[in-house]
Every structure is written in C-alpha cells, then in structure tokens.
Amino acid sequence: MLIVHSDATRDRRTLTELFAGQLVAPFECPERVDYIIERARTESIGEIRGPDEHGLEPVLAIHDADYIDFLRVAWRDWQAAGYEGEAIPNIWPTRRMPGGPIPRHIEGRLGYYALAGETSLNADTFEAALLSKDIALTAVDQVLDSGAPAFALCRPPGHHAARDQYGGYCFINNVAVSAQRALDRGHQRVAILDIDFHHGNGTQDIFYERSDVLTLSLHGDPMDEFPYFLGFANETGRGEGEGYNVNYPLPSGTDYARWAQALDDAIARVRDFAPDMLIIALGVDTFENDPISSFTLQSDDYLDIGARLKRIGLPTLFVMEGGYAVEEIGVNAINVLKGFDN
Ligand code: Q9C
Ligand code: ZN
C-alpha cells in the first residue's frame, strides 16, 4: 500500500500539554511517526512518497476563513502580547456568555477558536497543520487516480477539529478535507469511518446536516471520555443529514470482541450507503496499553480490523489520527494496513 509521509512532520514539537493539572511533555509527539515509518519499512508495506502542495482551497472548502487566519497569526499575536510560554487558552464562551463579538485580544481569540485546552500552539503549529493536510490530500488524490488504497501518515491528527475550532491535538480536519476533495473531484458519496478511541466530533459536526458524507465513529463513551460533549448514540444527523451520522459509544474496558461487533454494525451501515470511497480515521489509541485511553485491543487485533475493512471492497484511504503508546504504535498501525493488504 502506498504511504504518504514527510520527515518534516518532525519539525513540530510542542513542549507542553495541560494534563492532570500539570504541563507535561505532549502525548502527540514526533516519535509517533518515526515508529510507524520504521515499521512500514521493515514490513515492506509499499512505496513511501512525499506530499504535494495543495494550497488552501481544499481547506477552505471545509474550514472557515477567519479560523484559518487565526491559526496563521495566533503565535505572532501571542508573542506580541508578551507571553513567554506556549499558547494555551484559559477562557471560553460557555453557556452563560455566548454571542458576543470575536475578541480582539489573543487570549480571547484562543478561547473562541479552541474547543479544549490541552493543545498548545507554538511557532510551528500552522505549518505543521498545513503539511498534515497536504499529506492527506496527496493520498486521497492517489486513491482517486488509481483506485488503490493509500495511507496518509498525518501528524498532527485532525478528527477533533471542527469548521472553526481546534483541540484534541487537531487543527485541520484531514479526513473532512479529503472527503470533500473526493466529492469535488466527482464522487457522489463518501463514508468516513472513525476508529480512533475518541469520538470524531469535528468530522461529525462538519457533515452533520449533509447526506453526501456518512460519518460513523466507534469511541469511548463521552460520559466518561474526551471530548465529553459530543458522540452520543442519539446524534443521528440533522435536516438533510438525518440518518447520516452514526455513533457507537462504548464503555471503558471494551475488548476486541465487543469492539468488533460495533465495527461489523458500522460496516453494514457503510455497505447500505454504497459510497464511492471509504475513508478510515485510523487511531490506534484503542490499544490496551495506550496511556490516555481505556479499551483493551491487542496488537494482533489490528490485523483483523484491516481484514474486515478490506472485505467491504471499496477504494480506501487511511488517515492517521491518534495512538500514544509510542513504542507499539508502529506495529499496531501497520498491522491494520497488513491485514488490509493480505
Ligand atoms: N484524560 C486524538 O486522539 N485529552 N486526540 C485526553 C485524557 C485529549 C486525543 C485526556 C485527548 C485528545 C487525535
Ligand atoms: Zn484519539
């Protein structure tokens, strides 16, 4: 399987993540990609190529222009305010105070455009987000041109990013941008199946009122897990999009037997939809030793996931999302591709 990858993803390393009341070394770190690409090489998964630049047009087909402008200038404005640490929001327009104008000060704008506070911004964040979407777009173009599957080794991830909000380590929604690209290049319907441990809130929100993109997500029950405020089973779409969003919230401790039942149900829904293309938001933070998650999938299970996805029989794009058991992330992510290729 073709892999789209860039060594330049290493160039963004934030120093801080607000976690458990402390600033810790971020779980979403450059080494994640190192382990995956090393494993891809030792397992001879296929050609590894770099991304092509795709510009901002496909991004602006999904994200609001003012949000992208914010990402472009956020670090500059944070520094201009005299702040010395990485940029972290600390105030939000919550239930009792929505509706005002977008603030002028960077502290207010951070809260306006952030949906969570764990994701620090630094000097390299915007470039990293652009590189990540170029990796996804290069891979989706390959699938569109060839019909063969491809893996976009994106970093930072994307599925928590909404039309106008970042968070959960995500800035540009790579799977959403890729799906829109496929539609803009002539596809009628695209399915996005999100198997990251966390609910794909950004992707759900972006396509919630549309029937041309079916969104499905298997994830830790938001009663107990990030992102807490979206991802419940009764969220099925709105208006035109009614019936085109499917959530599978699963309890803490979910093992592969139970998880695979949800996967099979999701696969049946994908088949019924009969899309032209399938996009997998591929997180491997469902792994038993993931440091921030609570499912118990084992490394061999990822081979079986790949095999089940293959049997759907659709042109398929894999896009990397989460997975924080860094030393095992290569084996786990590549096992999905191996299971698919066999
Ligand atoms: N108590 C992705 O996997 N914080 N993002 C979790 C756990 C945020 C994960 C805190 C996790 C974001 C792409
Ligand atoms: Zn995740």
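In the predicted model, strand β5 (residues 150–152) pairs with strand β10 (residues 316–320) in the parallel sense, over 3 bridges. Within this pairing, Ala150 stands opposite Leu317 of β10. Strand β10 also runs parallel to β9, to which it is joined by 5 bridges. Here the bridge partner of Ile279 is again Leu317 in β10. Pairing of this kind within a sheet is made through backbone hydrogen bonds, and may be parallel or antiparallel.

The side chains of β10 divide between two directions: Thr316, Phe318 and Met320 point one way, and Leu317 and Val319 point the other way. All of these residues are buried. Because 5 of the 5 residues of β10 are buried, the strand is largely enclosed by the rest of the structure.

Both pairings belong to an open sheet of 8 strands, in the order β4-β1-β5-β10-β9-β6-β7-β8, with parallel pairing. The edges of this sheet are formed by β4 (48–49) and β8 (245–250), each of which pairs on one side only. Helix α8 (residues 256–273) lies across four strands, namely β6 (190–194), β7 (213–220), β8 and β9 (277–282). Relative to β7, helix α8 runs at about 175°.

Beyond edge strand β4, the loop that leads to α2 (57–60) contains Glu53. With 9 other C-beta atoms within 10 Å, Glu53 falls under the limit of 12 or fewer and is therefore exposed. Glu53 and Lys133 are 80 residues apart in sequence, and their C-alpha atoms are 9.2 Å apart in space.

Ligand 1 is surrounded by 14 residues, of which the closest are Pro157, Gly168, Phe226, Ile292 and Gly322. By residue class, the shell around ligand 1 consists of 5 nonpolar, 5 polar and 4 charged residues.

An unreviewed UniProt entry carries the annotation "domain: Histone deacetylase" for residues 28–337. Over residues 28–337 the chain is 39% helix and 11% strand. The C-alpha atoms at the two ends of residues 28–337 are 21 Å apart.

How values were computed:
Residues numbered from 1 in each chain as written. Chains lettered and ligands numbered in written order. Predicted model: local features only at pLDDT ≥ 70, side-chain atom pairs only at ≥ 80, totals over all residues. Pairing = 2+ DSSP bridges. Contact = placed C-beta atoms within 7 Å. Axes fitted to C-alpha atoms, helices over the stretch in contact; angles between N-to-C directions. Near = placed C-beta within 6 Å. Nonpolar A, V, L, I, M, F, W, Y, C, P; charged D, E, K, R; others polar. UniProt positions renumbered as here; feature names shortened; annotations may be inferred. Buried ≥ 20, exposed ≤ 12 C-beta atoms within 10 Å, placed from the backbone.
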